[in-house]
Amino acid sequence: MATPVEKWVEEQAKLTKPDKIWWCDGSEEEAHKLIEIGIKEEKINNVPIFQELNQKIWPKAYYHRSHPTDVARTEHLTYVCHPDLPSRQTGKDTAGPNNNWMEPNEAKSLMTKLSDGCMKGRTMYVLPYMMGNTDSPYAKACVQLTDNSYVAISMRIMTRMGKHIIEKIGNSENFVKGLHSCGDFDPNKRFIMHFPDEHLVWSIGSGYGGNALLGKKCFSLRIASWLGLKEGWLAEHMVIIGIQCPNGDMTYVLAAFPSACGKTNLAMLESTLPGYKVWTVGDDIAWINIGPDGRFYAINPEIGLFGVVPGTSMKTNPNMMKSLKADNFYPTLITNSALNTDTKEPWWEGLDGPVAKNLIDWQGNPWDSSEGTKAAHPNSRFTVSIYNSPTLSNEFDNPKGVPISAIIIGGRRTQRIPLIVEGFNWEHGVFIGTRTGSETTAAATGLKAGVRRDPMAMLPFCGYNMGDYFQHWLNIGRKASNPPKIFTANWFRVDENGNFLWPGFGENIRILKWIIDRVHNNVSAKETPIGLIPNYEDLELSGINLTKEMYDKLFAININEWKQEIDDIEKFLNQFGARMPKEIWAEFKDLKSKLYI
Ligand code: SAT
Ligand code: MN
């Protein structure tokens, strides 16, 4: 008798018609074979899927070049297909204004048409994997199908993949399904479709991380956030770090920032304060449950890091540079960087040292720095095992997760928003999260430049109506007897000449220290209309040049600017109509009156 997994695979094979089906066992030997195939057989746009990098300097590292149109997430082609159920009003309302929606049957017939025969001439890789430690009560078993060795290898780096997951699923119907094909990389035939009630993601036309590694944003955020709503937990776009103090105490903190705003750098931060050390639990996704002691506990469902390449250096993230060059987990991937054709080394803007000679750019064309173009794509990425990281927390594999004392919700704002602000209480903290905005980055294609509201950094990832999501946040905090404090951070504020006011990177430990001091009630804070800010004398600033004048600029609240901010927030929150919790509007009104607007 075929198992439910076997039956499902067989059905998908009937539709997609691969030449071969390859059940992956997750072994290193198999990874070697897949890399070989990517070097010798499979191609994208006539470029081999993998090229070996200089193994003396970049051991176990391989270079990948994507299809030129396939370099970032495509939010406009991403749909969350909730059904029209009498109990839930319309599917479109359930998805909310924050998602594209298509009626599930319509979405499936479109995807069936596009997927018919899409794997002809290719191998279908069957990838059994787990999001979360197999021993964790919070972990979920999944199976992804794909027709691309880059995607298969990436999934092996990012998730706990192996044949033992098939054994674990056994005869159960309870596994998350992901059907992925690169199709012909045609952006007009590219869709990332989510069917939350069926635990199904169906994606065609893209090999890019967030579109193709279906355990990542698709399942672990869009679908998992929906499961969290039903089951009483949170799936969030957050870093998880442990911060060790000089006395050895460890405080765990979550931090939500939109893509390409420095989450990975924060997760692997090299402290500039003696005695303080940051330990990495996760750099992108946190699943948060309330523990028996009424605290939040977070696990990272992934085991890999998929971070932005440009700007990564020994100065900005030495621990990432060490992870990338570690001769440890097999393999590491570097996608869409530039390449030194002489030395077979990758190169990117912001890398240490002089600009390399004999570079070809991310599309394979000879590159000359005088042309003013970027050699590496601004959203070029590395895929590397978290076990390569010298900062990996001892608690990384703890099935229960780590207890959380604070949540930071931030964005990239060159103006207006102070360096760090603490919420007055849980409700106010949630409001801070709902009003957070960020300047757009290269991590998603087709977005207008400028600020967009990105509550909890979840706008592209919340798998249901954000009005309901805000209510869920309020409820979860109330259910926990000891919820974390909520802060909002902005490392990116500039002065009138456009220079960053705050040094950022490793110096962010100074702000983390203040957060810990607040959590442990060691310091007081100054009340402002928008929340609590540090007193100048409570910030540890020895060794950096941050004058009182710069501090004043970093924390300035300009009423005229805030009038515009308030208008923009109101417009954004209004979209959610009756689903907007009244507590959030109460906080909004309170803020307005405190600002005399
Ligand atoms: O969505 S990805 O995981 O591919 C990267 C990001 O934008 O956060
Ligand atoms: Mn992300």
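Helix axes are taken here as lines fitted to C-alpha atoms, for helices over the stretch in contact, and the angle between two axes runs from 0 to 180 degrees between their N-to-C directions. In the predicted model described here, helix H2 (residues 28-40) packs against helix H5 (residues 149-158) at an angle of about 150°, and their axes are 9 Å apart. Because angles over 145 degrees count as roughly antiparallel, H2 is roughly antiparallel to H5. The crossing of H2 and H5 is left-handed. Helix H5 includes Ser149, which is buried at a relative accessibility of 0%. Between Ser149 and Val71 the C-alpha to C-alpha distance is 17 Å, and the two residues are 78 residues apart in sequence.

An open sheet is built from five strands in the order E4-E5-E20-E24-E19, and its pairing is mixed. The edges of this sheet are formed by strand E4 (51-52) and strand E19 (304-308), each of which pairs on one side only. Strands of a sheet pair through backbone hydrogen bonds, either parallel or antiparallel. Strand E20 (residues 332-335) and strand E24 (residues 381-385) run antiparallel and are joined by three bridges. In this pairing, Thr335 lies opposite Arg381 of E24, and Ile334 lies opposite Phe382 of E24. Strand E19 also pairs with E24 in the antiparallel sense, over five bridges. Here the bridge partner of Val308 is Arg381 in E24. Arg381 thus stands opposite Thr335 and is also the bridge partner of Val308.

Strand E24 is largely enclosed by the rest of the structure, because five of its five residues are buried. In a regular strand the side chains alternate between the two faces of the sheet. In E24, Arg381, Thr383 and Ser385 point one way, whereas Phe382 and Val384 point the other way, and all are buried.

The manganese ion (ligand 2) is coordinated by NZ of Lys217, NE2 of His237 and OD of Asp284, at 2.1 to 2.4 Å. Along the chain, the donors of this manganese ion are spaced as K-x19-H-x46-D. Two of the donors, Lys217 and Asp284, link distant parts of the chain: Lys217 belongs to helix H8 (residues 215-231), Asp284 to the loop between strand E16 (277-282) and strand E17 (286-290), and the two are 67 residues apart. Lys217 and Asp284 are both buried.

Side chains of opposite charge can pair when their charged atoms come close. The model contains 30 salt bridges. One of them joins the side chains of Arg452 and Glu75, with an N to O distance of 3.0 Å. This pair links distant parts of the chain, since Arg452 lies in strand E28 (residues 451-453) and Glu75 in the loop between strand E5 (61-64) and strand E6 (78-80), 377 residues apart. Arg452 is partly exposed, its relative accessible area being 21%, whereas Glu75 counts as buried at 15% relative accessibility.

A salt bridge also forms between the side chains of Lys140 and Glu231, at 3.8 Å from N to O. Lys140 is located in strand E8 (residues 140-146) and Glu231 in helix H8, so this pair ties together parts that are 91 residues apart in sequence. Lys140 is partly exposed, with a relative accessible area of 21%, and Glu231 also counts as partly exposed, at 45% relative accessibility.

Within helix H13 (residues 509-519), Lys513 and Asp517 are four residues apart, about one turn of the helix. Their side chains meet in a salt bridge of 2.8 Å, N to O. Lys513 has a relative accessible area of 15% and is buried; Asp517, with a relative accessible area of 10%, is buried as well. In addition, Lys216, Lys217, Lys263, Asp284 and Glu302 are joined into one network by salt bridges that share partners. Two members of this network, Lys217 and Asp284, also coordinate the manganese ion (ligand 2).

Helix H13 is mostly covered, with 10 of its 11 residues buried. Among the buried residues of H13 are Ile509, Arg510, Leu512, Trp514 and Arg518. The helix is followed by Asn521, which has a positive phi, near 60°.

Note on methods. Residues numbered from 1 in each chain as written. Chains lettered and ligands numbered in written order. Predicted model: local features only at pLDDT ≥ 70, side-chain atom pairs only at ≥ 80, totals over all residues. Heavy atoms only, no water. Pairing = 2+ DSSP bridges. Donors = N, O, S within 2.8 Å, 3.2 Å for Na, K, Ca; no water. Buried < 20%, exposed > 50% of the residue type's maximum accessible area, 1.4 Å probe, protein only. Salt bridge = Lys/Arg side-chain N within 4 Å of Asp/Glu carboxyl O. Parallel < 35°, antiparallel > 145°, perpendicular 65-115°, else oblique. Left-handed = near helix turned anticlockwise from the far one by under 90°.
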